[in-house]
Amino acid sequence: MRILLLGCTGFVGKELVPTLLNENHEIYIVSRKPISKLKIDLDLNKFKFIQINLSKEQNWNNENLINILKEVDGIINLIGEPIAEKKWTYSQKQKIENSRIKTTKFLMKTLKIFKINPKVIINGSAIGYYGTSLSDEFTENSIEGEDFLANLCKQWEAVAAEKPFFSRLVIFRIGIVLEADGGALGKMLPIFKVGLGGPIGDGKQWMSWIHRSDLCGLITQALVDKKYSGVFNAVAPNPVLMRDFSQTLGKCLNRPNLLPVPGAVLKILLGDGAKVVLEGQKVISSKLKNYDFKYPLLEKAIYVSTKN
């Protein structure tokens with residue numbers, strides 16, 4: 001297939017692009033960054049690239065972009081400002097929202113204007129859709145939460161649903177993505193390696209996670225398998241408590257797990273965004289029971305990530 005990738009040039013894209021190329025798909029990557037700044041360690045001749053800022057509506061009239069949209073069989077849209085990189089000021093919340101909702105709205109509007117019907121559109125979302133809870137368990141059938149992230153995911157999914165009538169839409173509500181070279185695990189590894197690791201907060205909050213290889217496998221399968229339609233929780237089948245995550249990481253690194261990060265410190269660093277980490281949510285998938293996860297258990301996922 002010919003696939004257009006939006007927002008796939010960072011932590012997830014680093015593995016997703018090679019995975020798609022290994023499946024013999026033809027890849028078009030769109031990014032506002034120059035090609036030299038991409039985190040993708042590949043021969044540049046293996047994919048086609050267009051540098052354009054898709055957050056500006058006028059750029060969707062770009063002739064090169066329209067021609068690519070007309071050619072592709074599928075679109076993978078994971079575009080969006082990182083959620084937990086910076087403190088949630090008013091302007092940062094606006095960035096987080098606009099980067100997802102406005103850009104996805106421009107995409108759907110452009111497809112309709114030019115009567116383009118890709119076979120499949122895979123759109124990102126997050127398990128933040130369900131809000132946070134220390135005790136509830138959420139599946140794809142659970143109702144949405146009421147906090148900032150829940151409203152963001154709800155709006156993002158609603159805009160994605162405005163896709164062309166004949167395009168199959170797959171929405172992945174993605175959990176905490178694990179791999180050693182980025183994301184949550186990438187941030188925790190250096191601290192644990194010097195023996196200063198420990199759980200964040202009281203350790204009683206749930207972490208619903210997925211190894212990056214499994215996420216890339218899910219996306220790749222959903223491109224070609226028509227059974228994938230609608231919403232799926234992209235999480236491994238065994239969520240864990242933060243204290244167990246911390247213990248497992250310490251064990252895999254043969255390092256102590258003694259120094260918890262106080263919730264108050266995280267609130268200073270992330271503001272309202274600390275709630276996501278300190279309260280968490282237990283999410284499972286009722287629709288991926290037959291998916292063959294490479295890393296269904298945390299210990300194997302962390303062990304493989306830290307030994308590579």
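Which strands does helix α6 lie across? In this predicted model, helix α6, made of residues 212–224, lies across β1, β4, β5, β7 and β11. Its direction runs at about 170° to that of β7, which spans residues 168–174.

Those strands belong to an open sheet, so let's look at that next. Seven strands build the sheet, in the order β3-β2-β1-β4-β5-β7-β11, and the pairing is parallel. At the edges stand β3 (48–51) and β11 (230–234). Each of these two has a single partner strand, so one side of each is left without a neighbour in the sheet. From one strand to the next, the twist averages 20°.

Now zoom in on one pair. Strand β1, residues 2–6, runs parallel to strand β2, residues 26–31, and five bridges join them. Within this pair, isoleucine 3 sits opposite isoleucine 27 of β2. Helix α3 (residues 90–113) packs on the sheet too, touching β1, β4 (74–77) and β5 (120–126). The direction of helix α3 makes about 165° with that of β4.

What about disulfides? The count comes to zero. Take cysteine 8: the closest cysteine sulfur belongs to cysteine 216 and is 9.1 Å away, too far for a bond, because a disulfide needs the two sulfurs within 2.5 Å. Cysteine 216 is likewise in no disulfide, with the sulfur of cysteine 8 as its nearest. As for accessibility, cysteine 8 counts as buried at 1% relative accessibility, and cysteine 216 counts as buried at 0%.

Notes. Residues numbered from 1 in each chain as written. Predicted model: local features only at pLDDT ≥ 70, side-chain atom pairs only at ≥ 80, totals over all residues. Heavy atoms only, no water. Buried < 20%, exposed > 50% of the residue type's maximum accessible area, 1.4 Å probe, protein only. Pairing = 2+ DSSP bridges. Helix = DSSP H or I, 4+ residues; strand = E, 2+ residues; numbered from the N terminus. Axes fitted to C-alpha atoms, helices over the stretch in contact; angles between N-to-C directions. Contact = heavy atoms within 4.5 Å.
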